[in-house]
Amino acid sequence: MDNLLVIDQLTYKRNMRVLLDDVSLSIPAGSIIGLLGDNGAGKTTLMRLISGAATNYSGSIIIDGEVDKPTMKGLVSFSEQLNGAATDAKLEDLAKFYDTIYPEFSMDNFNQLVSNFNLNLKQKLSQLSKGMRRNFVISVTLARRVKLYLLDEPFDGIDSMKRKKIIENILAWMPDDASVIISDHHVTDIANLLDQVVIIKNRTIVNQIDADKIREEYNQSIEEYYESFYKEVNDHA
Ligand SMILES: Nc1ncnc2c1ncn2[C@@H]1O[C@H](COP(=O)(O)OP(=O)(O)OP(=O)(O)O)[C@@H](O)[C@H]1O
């Protein structure tokens with residue numbers, strides 16, 4: 001299978017601190033990846049760099065063979081897009097804004113996604129509960145037709161029924177050749193979805209493994225594997 005994302009020796013510093021240290025990672029096209037790691041490990045930072053939000057790193061990020069930064073931005077949809085959005089804006093106006101700035105935004109897809117989540121587009125962003133806001137972010141993120149989706153803790157603060165709905169939407173809306181990277185602490189929620197697990201610890205990738213290998217060769221659930229792997233790395237630290 002071809003690799004959609006190739007990261008080589010990526011190191012990123014901010015305010016004199018190393019936030020990512022020598023990260024190398026290849027993600028196949030058409031796959032669902034769980035990016036697992038504890039608080040502060042570097043999950044959000046890695047997603048920000050892949051999305052093109054910061055470019056002052058060393059090493060390389062290649063998406064679908066592209067190294068041109070503006071082109072790469074059009075290939076990735078990151079779930080952080082509401083940062084900085086006016087809280088008194090109505091959801092329908094925010095959607096129109098995204099439709100204007102992202103050529104690959106599909107208003108039809110967006111409308112179907114928000115109706116799946118029973119969101120009212122006349123509501124203002126400030127009127128949404130935490131869970132409703134998450135659902136809106138997922139709708140905006142998946143409404144773009146891109147190669148790579150980055151979902152940063154999409155289930156944070158979401159009840160279990162809604163989590164199922166989000167998972168259904170991810171599976172239904174992901175184009176066949178697209179990949180999605182989902183970061184999460186609730187490993188159990190996404191375990192059945194995953195093709196691969198990537199574990200990040202202390203600012204670098206410490207493991208990448210096929211989910212089937214964990215189940216079949218190690219005879220463990222992804223959650224058990226993740227917990228034991230993390231413990232082992234801690235014990236040897
Ligand atoms: N703007 C910044 N300046 C300096 N340090 C930062 C900045 N943003 C994040 N960090 C630091 O980078 C490290 C990684 O943060 P990041 O948000 O990527 O972790 P994470 O794995 O997403 O954590 P969590 O699961 O808690 O969301 C943390 O130690 C954090 O304090």
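Me: Which residues surround the ligand?

Reply: Quick heads-up: this is a predicted model, so local features need pLDDT of at least 70, side-chain atom pairs count only at pLDDT 80 or more, and totals for chains, interfaces and linings use all residues. Residues are numbered from 1 along each chain as its sequence is written. A residue counts as near a molecule or strand if its C-beta atom, placed from the backbone, lies within 6 Å of it. On that basis, the ligand is surrounded by Arg14, Asn15, Arg17, Leu19, Gly37, Asn39, Gly40, Ala41, Gly42, Lys43, Thr44 and Thr45.

Me: Which element gives the most to the shell around the ligand?

Reply: Helices (H or I, at least four residues) and strands (E, at least two) are DSSP runs, numbered from the N terminus. Two elements give two or more residues to the shell: strand S2 (17-28) and helix H1 (43-51). With three residues, the one that gives the most is H1.

Me: How many residues in the shell around the ligand are charged?

Reply: Here Ala, Val, Leu, Ile, Met, Phe, Trp, Tyr, Cys and Pro are nonpolar, Asp, Glu, Lys and Arg are charged, and the others, Gly among them, are polar. Sorted that way, the shell has two nonpolar and seven polar residues, and the number of charged ones is three.

Me: In what order do the strands of the six-strand open sheet lie?

Reply: Two strands pair if DSSP finds at least two bridges between them. The pairing in this sheet is mixed, and its edge strands, S5 (76-78) and S9 (204-210), each pair on one side only. Reading across, the order is S5-S6-S7-S3-S8-S9.

Me: By how many degrees are neighbouring strands of this sheet turned against each other on average?

Reply: The angles come from lines fitted to C-alpha atoms (for helices, over the stretch in contact) and run from 0 to 180 degrees between N-to-C directions. For this average the direction is ignored, and the answer is 15 degrees.

Me: Which residue is the bridge partner of aspartate 152 in S7?

Reply: Strand S6 (residues 148-152) runs parallel to strand S7 (residues 179-184), joined by five bridges. Within that pairing, tyrosine 149 stands opposite valine 180. Aspartate 152, for its part, has as bridge partner serine 183.

Me: And in S6, which residue is the bridge partner of phenylalanine 78?

Reply: That takes us to the other neighbour of S6, since S5 and S6 run parallel too, with three bridges between them. The partner of phenylalanine 78 in S6 is leucine 150.

Me: Which residues of S6 point the other way from Leu148, Leu150 and Asp152?

Reply: In a regular strand the side chains alternate between the two faces of the sheet. A residue is buried if 20 or more other C-beta atoms lie within 10 Å of its own, exposed if 12 or fewer, and partly exposed in between, with C-beta atoms placed from the backbone. Five of the five residues of S6 are buried, so this strand is largely enclosed by the rest of the structure. Leu148, Leu150 and Asp152 point one way, and pointing the other way are Tyr149 and Leu151.

Me: At about what angle does H1 run to S6?

Reply: H1 lies across S3 (32-36), S5, S6, S7 and S8 (196-201). Its angle to S6 is about 150 degrees.

Me: How many residues of helix H5 are buried?

Reply: H5 (residues 130-143) has 14 residues, and the helix is mostly covered. Its buried residues, including Phe136, Ile138 and Leu142, pack against S5, helix H3 (91-101), helix H4 (107-116), S6 and helix H6 (160-173). Out of 14, the number buried is 10.

Me: Which residues does isoleucine 170 touch?

Reply: Isoleucine 170 is found in H6 and counts as buried, because it has 20 C-beta neighbours inside 10 Å. Contact between two residues means that their C-beta atoms, placed from the backbone, lie within 7 Å. Not counting residues up to four places away in sequence, isoleucine 170 touches Leu142 and Val180.

Me: Is isoleucine 167 buried or partly exposed?

Reply: Isoleucine 167 is found in H6 as well. Because it has 17 C-beta neighbours inside 10 Å, isoleucine 167 counts as partly exposed.

Me: Which residue in the turn between S8 and S9 has a positive phi?

Reply: S8 and S9 run antiparallel, joined by six bridges, and glutamine 196 stands opposite aspartate 210. They form a hairpin with two residues between them, and the one with a positive phi of about 45 degrees is asparagine 202.

Me: Which residue in S2 stands opposite leucine 5?

Reply: There's also an open sheet of three strands, ordered S2-S1-S4 with antiparallel pairing. Strand S1 (residues 3-14) pairs with S2 over eight bridges. Opposite leucine 5 stands isoleucine 27.

Conventions
The expected span of a helix is 1.5 Å times one less than its number of residues.
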